[in-house]
Amino acid sequence: MWKHGQDDFRDSFSSNKTWSLIRDPRENVAWYCVNWFPQGVPRFAIFAWLAIKDRLSTGARIRNWGLMQPCLFCGEPVETRDHLYFACPYTYTVWIEVVGNLFGDAPDPDWETTLERITARETGRLSAILLRLAFQVAIYYIWIKRNNRRHNHISKPASQLCREIDKTKRNRILSTKYYESPKLYGLMQCWFSTRGAIIV
Ligand SMILES: [Zn+2]
């Protein structure tokens with residue numbers, strides 16, 4: 001017999017019920033919906049999750065191992081999560097382009113403010129989806145480009161990075177089949193109307 005709950009034993013095994021029984025449940029964090037949402041991409045969400053938890057191996061974190069790593073985009077002596085997202089002049093330039101006017105005004109370079117504003121969902125439903133998508137795609141690509149500079153010494157201008165992020169977002173929006181879904185209908189149009197002046 002398999003346990004499905006308190007005093008609930010059945011013939012069938014349920015990995016869902018078993019996992020719920022053996023884990024230590026905790027309150028949902030406020031930023032849960034920022035990172036995990038149906039239109040998100042797991043590959044990007046993992047990196048956004050690491051960034052939110054400040055677990056990316058930034059210069060500030062690897063300093064504990066005796067390694068010095070300044071910002072590879074601007075030379076700032078201490079490369080922290082908050083600097084990379086988006087206090088750095090290079091990444092802030094990318095963020096401005098990627099986010100367009102989804103916030104309704106210029107994005108704040110401060111990490112905590114950015115996360116709070118996206119969590120608060122100040123915008124409409126479609127804009128909120130696009131904002132969360134922009135957030136996780138930008139985090140992923142900035143981290144990949146940062147690693148390319150560190151390990152392969154490949155540097156690319158911010159405009160090229162913007163185009164890559166833009167293309168990825170467009171592909172993801174298309175793959176949602178927004179035009180068949182009443183809840184997502186108008187997603188692409190909303191994106192066109194709120195994005196920055198990016199040439200593709
Ligand atoms: Zn920098």
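This is a guided walk through the structure shown above, from its overall layout to some individual residues.

The model is a predicted one, in which local features need pLDDT of at least 70 and side-chain atom pairs count only at pLDDT 80 or more, while totals for chains, interfaces and linings use all residues. Residues are numbered from 1 along each chain as its sequence is written, and side-chain values use heavy atoms, with hydrogens and water left out.

Let us begin with the whole protein. Its secondary structure comes to ten helices and two strands; here helices (H or I, at least four residues) and strands (E, at least two) are DSSP runs, numbered from the N terminus. If you follow the chain from the N terminus, the order of elements is β-β-α-α-α-α-α-α-α-α-α-α. Along the principal axes, the C-alpha atoms fill a box of roughly 60 × 50 × 30 Å. The accessible surface comes to about 11,300 Å², and 53% of that belongs to carbon and sulfur atoms; such areas come from the Shrake-Rupley method with a 1.4 Å probe, and for residues only the protein chains shown count as cover.

How much of the protein is buried? Of the 200 residues, 44% are buried, where buried means under 20% relative accessible area, exposed means over 50%, and partly exposed lies in between (1.4 Å probe, protein chains only). Contacts, meaning heavy atoms within 4.5 Å, also link distant parts of the sequence: among those between residues at least 6 apart, 57% join residues at least 24 apart.

Now for the interior. A nonpolar core is a set of buried Ala, Val, Leu, Ile, Met, Phe, Trp, Tyr and Cys residues joined through side-chain atoms within 4.5 Å. The largest one here has 50 residues, and those with the most contacts inside it are Tyr 85, Val 94, Trp 95, Trp 111, Phe 135, Ile 165 and Ile 173. Two or more residues each come from helix H3 (42–52), helix H5 (81–87), H6, H7, H8, helix H9 (158–175) and H10. Which helix gives the most to this core? That is H8, with 14 residues.

H8 also makes a good next stop. The axes of helix H8 (residues 125–152) and helix H10 (residues 187–194) come within 10 Å and cross at roughly 70 degrees. These axes are lines fitted to C-alpha atoms, for helices over the stretch in contact, and angles run from 0 to 180 degrees between N-to-C directions. H8 and H10 are therefore roughly perpendicular to each other, since angles under 35 degrees count as roughly parallel, over 145 as roughly antiparallel, 65 to 115 as roughly perpendicular and the rest as oblique. On the H8 side, Leu 126, Ser 127, Ile 129 and Leu 130 meet Leu 187, Cys 190, Trp 191 and Thr 194 of H10. The residues of this contact divide into six nonpolar, two polar and no charged; Ala, Val, Leu, Ile, Met, Phe, Trp, Tyr, Cys and Pro count as nonpolar, Asp, Glu, Lys and Arg as charged, and the others, Gly among them, as polar. Ile 173 touches some of these residues too: leaving aside neighbours within four places in sequence, its contacts include Leu 130, Leu 187 and Trp 191.

Next, two buried residues. Phe 103 sits in the loop between helix H6 (89–99) and helix H7 (111–120), and it counts as buried at 8% relative accessibility. Beyond its neighbours within four places in sequence, Phe 103 is in contact with Trp 95, Thr 114, Arg 117, Ile 118 and Leu 131. Cys 162, in helix H9, is buried with a relative accessible area of 4%. With the same neighbours left aside, Cys 162 is in contact with Val 94 and Glu 97. The C-alpha atoms of Cys 162 and Thr 91 are 9.9 Å apart, with their positions 71 residues apart along the chain.

Finally, look at the backbone. A cis peptide bond joins Tyr 85 and Phe 86, with omega of about 0 degrees, and Phe 86 is found in helix H5. Asp 54 is not a glycine, yet has a positive phi of about 55 degrees; Asp 54 lies in the loop between H3 and helix H4 (59–62). Lys 177, in the loop between H9 and H10, has a positive phi of about 50 degrees and is not a glycine either. Asp 54 is partly exposed at 29%, and Lys 177 is partly exposed at 45% relative accessibility.
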